[in-house]
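Biologist: I should like to learn how the features of a protein model are read. May we take them one by one?

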Amino acid sequence: MDGGDEDQTKKKSRPINSIISWTEIREEFSHHHPSVARLNNGSFGCCPASVLAAHRSFHLRFLRHPDAFNLHSLPFALLRSRTLLKHLIHADHLDEIALVDNATTAAALVLHHISQNANAAASFVVVVLHCAFQAVKKSLHAYVTRAGGSVFEIQLPFPVRSRREIIAEFRKGLKRAKSLNLNGGKIRLAIIDHITSMPSFLIPVRELVEICRKEGVEQVFVDAAHALGTVPVDVKEIGADFYVSNLHKWFFCPPSVAVLYSRRSKNAPLPIESSMWTGTKRDYSAQLLVPAVMEFVNRFEGGIEGIMKRNHENVVEMGKMLAESWGTNLGSPPDMCASMIMVGLPSRLLRTHLRECFGVEVPIYHHPATATATATATARDGNDGESRPPRPWDKEDGVITGYARISHQVYNTVDDYHKFRDAIYKLLQEGKVCKQNAFEFDPMS
């Protein structure tokens, strides 16, 4: 038997529960561009080779005999995925679980449902965080405004100093939304992010849902696009009426698939079954991969919980390393990030330049200079209040206006972050900066 056949035999005989090696991790993600430091898992996620193989298998089975696949194989495969997800997010009933394209699709379904069930004779209000995903905001105005409702944005601070700060600002914003609603309309829906996209930080979502209940908000939708695979999810504990999380960002599925939870309710429940079937021309294979993903994550020590813990610890460590190297600060305390963290940049730097000239893929966020930003500019990491000496590249006022959102996923190495650190050093040494309005906004973040 030659070496290749021997390797194949070893792979086939490897125990399912054996811990994955670093070599195997590299093999699973060998399709990644080898010269790019991917510090932006948050935008597009990643899919290991073993899950891609399962994806291709389902797709070929569909193409081979579409009628048989849709009528016989598909319903059972969808049921298996939904059952695994029901247990993963701690839902009570299988009929509360649907698979949809992504979090934006789920938001559109919920907003359409809310708007259709609104009393045309009475106004209604939907509140949303100001840092909500842009596509969700567009859906808000498309569905709510056309139905005669209004949208109120609640401002949250950044950089973030504590969970208490978020809770206080949300409570203040919700009361303001109620006080401005002079025509007697109700707050029909609150949309709360579990993990905001840009800037990124972890929201104390359970506490905000409780505030909504106390303030008489009729229903709550949690947009948790980045949650599954980065933080534990218990939809009963969170207590929202609707909860959605993408599976293609942090749960190793290919684009595009998300799990939508709709709590059983006598008060106009969401027709969740109709949201799952979108016609015969749709390729459902991405929705069938939850079992394959579970096999993959269970090869890691601690399974998905172990992956979440290590990603969090590593992104915090790398975030602190970069902030200390550049003399800047983190955008939130470590306990308010999951697998992404905001790191202050010492200069205004272009994302495209980092990608094309240095092989670093990382989203950049521009934060306008404010009194809050000025007050926190001297903090070494944004949390401990320890002052730092000025650096040659600091602005005259010392205010940090640019933040990079770094991610950590199982394929990342410390060299990826050193590559980013050194790229910034080189740009600073060469005096290459850009004007404030030259920051790039990435709608796909």
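Modeller: Certainly; please bear in mind that this model is predicted. Let us begin with V144, which sits in helix α7 (residues 134-145).

Biologist: Is V144 buried or exposed?

Modeller: The cut-off for buried is under 20% relative accessible area. V144 has a relative accessible area of 1%, so V144 is buried.

Biologist: Which residues is V144 in contact with, leaving aside its neighbours within four places in sequence?

Modeller: The contacts of V144 are L111, S115, F124, V126, S139, G149, S150 and V151. For one of them, F124, the separation is 20 residues in sequence and 8.6 Å in space, C-alpha to C-alpha.

Biologist: How is the length of a helix checked? What should helix α8 span?

Modeller: The expected span is 1.5 Å times one less than the number of residues. Helix α8 (residues 163-180) has 18 residues and should therefore span 26 Å; its end C-alpha atoms are 26 Å apart, which agrees.

Biologist: Which residues of α8 are buried, and what covers them?

Modeller: A general idea helps here: an α-helix has 3.6 residues a turn, so residues three or four places apart point the same way. In α8 the buried residues are E165, I166, I167, F170, G173, L174 and A177. Their cover includes strands β3 (124-129), β4 (150-154) and β5 (186-193), together with helix α9 (205-214).

Biologist: How do helices α14 and α16 pack?

Modeller: The axes of α14 (residues 351-358) and α16 (residues 414-429) are 11 Å apart and make an angle of about 110°. Because angles of 65 to 115 degrees count as roughly perpendicular, α14 is roughly perpendicular to α16. On the α14 side, H353, L354 and F358 take part, and they meet K419, F420, A423, I424, K426 and L427 of α16. By class, this contact comprises 6 nonpolar, 1 polar and 2 charged residues.

Biologist: How is a pair of aromatic rings described, and how many aromatic pairs does the structure hold?

Modeller: One gives the distance of the centres and the angle of the planes. The structure holds 9 aromatic pairs. Among them is F29 with F296, an edge-to-face pair at 6.1 Å centre to centre and 80° between the planes. F29 lies in the loop between α2 (22-28) and β1 (37-38), and F296 lies in helix α12 (residues 290-297), so the pair ties together parts 267 residues apart in sequence. Both F29 and F296 are buried.

A further edge-to-face pair is F158 with Y365, at 5.6 Å centre to centre and 90° between the planes. It links distant parts of the chain, since F158 is in the loop between β4 and α8 and Y365 in strand β11 (residues 364-366), 207 residues apart. F158 and Y365 are both buried.

Biologist: Which residues form one aromatic cluster?

Modeller: F29, F252, F296, F300 and Y411 do. F252 also has a backbone feature: its phi is near 70°, a positive value in a residue other than glycine. F252 is in the loop between β7 and β8 and is buried, with a relative accessible area of 0%.

Biologist: What is phi at H90, and where does H90 lie?

Modeller: H90, which is not a glycine, has a positive phi of about 65°. H90 lies in the loop between α5 (66-88) and β2 (97-100). With a relative accessible area of 38%, H90 is partly exposed.

Biologist: Which residues does a cis peptide bond join?

Modeller: One such bond joins M198 and P199, with omega about -5°; P199 is in the loop between β5 and α9. Another joins P255 and S256, with omega about -10°; S256 lies in the loop between β7 (242-246) and β8 (258-262).

Note on methods: Residues are numbered from 1 along each chain as its sequence is written. This is a predicted model: local features need pLDDT of at least 70, side-chain atom pairs count only at pLDDT 80 or more; totals for chains, interfaces and linings use all residues. Side-chain values use heavy atoms; hydrogens and water are left out. Helices (H or I, at least four residues) and strands (E, at least two) are DSSP runs, numbered from the N terminus. Buried means under 20% relative accessible area, exposed over 50%, partly exposed in between (1.4 Å probe, protein chains only). Contact means heavy atoms within 4.5 Å. Axes are lines fitted to C-alpha atoms, for helices over the stretch in contact, and angles run from 0 to 180 degrees between N-to-C directions. Angles under 35 degrees count as roughly parallel, over 145 as roughly antiparallel, 65 to 115 as roughly perpendicular and the rest as oblique. Ala, Val, Leu, Ile, Met, Phe, Trp, Tyr, Cys and Pro count as nonpolar, Asp, Glu, Lys and Arg as charged, and the others, Gly among them, as polar. Rings of Phe, Tyr and Trp (its six-membered ring) pair if their centres lie within 6.5 Å; planes under 30 degrees apart count as stacked, over 60 as edge-to-face and the rest as tilted.
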